[in-house]
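Work through the following exercises with the sequence and the coordinates open beside the text. Each task is followed by a solution that goes step by step.

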Amino acid sequence: MASSRKQRPLRDLLRVKPGSKVDAAKLDPGETYGYRKDDVAPKLAADLERLAALQERLWAEHKRRLLIVLQGMDASGKDGTIKHVMTGLHPLGCRVIGFGVPSAEELAHDYLWRVHQVVPGDGEIAIFNRSHYEDVLVVRVHDLVPKSRWSKRYDQINAFEQTLADEGTTILKFFLDISPDEQLERFKERYDDPTKRWKFKTGDLEERKRWDDYMAAYSEALGRCSTEAAPWYAIPSDRKWFRNLAIAEIVADELERLDPRYPAREDLPKDLVIE
Ligand code: ADP
């Protein structure tokens, strides 16, 4: 990318406009908006530094909360994003929560029960690796509950996220968009590489056969649940370096907008002698 040309913020380019119709299958997972792999290392490093400094202020301020939701098909890079973008964060103020197949106890409650318990508290960043959106994705694709139930969940999710936002939580939701070809490559790599094999699940091959159903489910989730309070960002993720670049910039920009402040500590006497 020519440094003389001012690039538009990626949050403007990638945000799913509230109320828009989305066709997830038509997004381009290979788009890089003019950025080139060989040129982006300094920008990524600068954004990660910005992110770490702002997160420390968020934690020190201890007033506001940030929820980051990561969704995407298998091997879309949810774990990789956490490893590469959330690196350098103060561990005390940061939690990662993975949502797998619900336990018997979780299934005995409404689907938001397990989610609400782990939303971020004051000063915290919570990163959801999968989320309540599974309840309109895998649940819809596999008919795990009747349509009469899952079809109401879009409005319920919007109301839930609005409540969190009204109470002081900023929400950023990222759809990591990969192509079926790229997924296949990553599956093969996982299978062939002994250091990655532990991630490979034969069940993932079954899910892959339902790609179109998943894209239809993602389209509706992104279209109906990208709101002012909790926007979705569709991140082209075939290139890992662009995915990391985009998410680092968007999270850092959002924290900058929040502008967390170190507490002033007016409670401390001005003339205290520390010896
Ligand atoms: P990952 O595949 O993300 O590395 P896991 O091995 O824990 O992590 O798998 C998560 C699995 O749990 C996924 O197949 C996902 O679809 C499934 N899952 C998550 N939430 C639900 C849900 N609410 N109902 C059914 N399955 C779910």
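The exercises below treat a helix, a ligand site and salt bridges in turn.

The model is predicted, so that local features need pLDDT of at least 70 and side-chain atom pairs count only at pLDDT 80 or more, while totals for chains, interfaces and linings use all residues. Residues are numbered from 1 along each chain as its sequence is written, and side-chain values use heavy atoms, with hydrogens and water left out.

**Exercise 1.** Compare the expected span of helix α12 with the distance between its end C-alpha atoms, and state how many of its residues are buried.

Solution. Helices are DSSP runs of H or I with at least four residues, numbered from the N terminus, and the expected span is 1.5 Å times one less than the number of residues. For the 19 residues of α12, residues 240-258, this gives 27 Å, and the end C-alpha atoms are 27 Å apart, in agreement. Next, buried means under 20% relative accessible area, exposed over 50%, and partly exposed in between, with a 1.4 Å probe and protein chains only. Because 16 of the 19 residues are buried, α12 is largely enclosed by the rest of the structure. Just after α12, D259 takes a positive phi of about 50 degrees.

**Exercise 2.** Identify the polar side-chain atoms that lie close to N or O atoms of the ligand, where a polar contact is a pair of N or O atoms within 3.5 Å.

Solution. A residue counts as near the ligand if one of its heavy atoms lies within 4 Å, and the residues around the ligand include F99, R114, R130, E134 and K201. A polar side-chain atom of R114 lies 3.2 Å from a ligand nitrogen. For ligand oxygen atoms, the distance is 2.7 Å to an N or O atom in the side chain of R130 and 3.1 Å to one in the side chain of K201. Taken alone the ligand exposes 570 Å², of which the protein buries 71%, the areas coming from the Shrake-Rupley method with a 1.4 Å probe.

**Exercise 3.** Which parts of the chain does the salt bridge between D253 and R11 link?

Solution. A salt bridge requires a side-chain nitrogen of Lys or Arg within 4 Å of a carboxyl oxygen of Asp or Glu, and by this rule the count comes to 28. The side chains of D253 and R11 meet at 2.9 Å, N to O. This pair links distant parts of the chain, D253 in helix α12 and R11 in helix α1 (residues 10-14), 242 residues apart. D253 counts as buried at 15% relative accessibility, whereas R11, at 30%, counts as partly exposed.

Key. Helix = DSSP H or I, 4+ residues; strand = E, 2+ residues; numbered from the N terminus. Polar contact = N/O pair within 3.5 Å; in protein donor to acceptor, adjacent residues only side chain to side chain.
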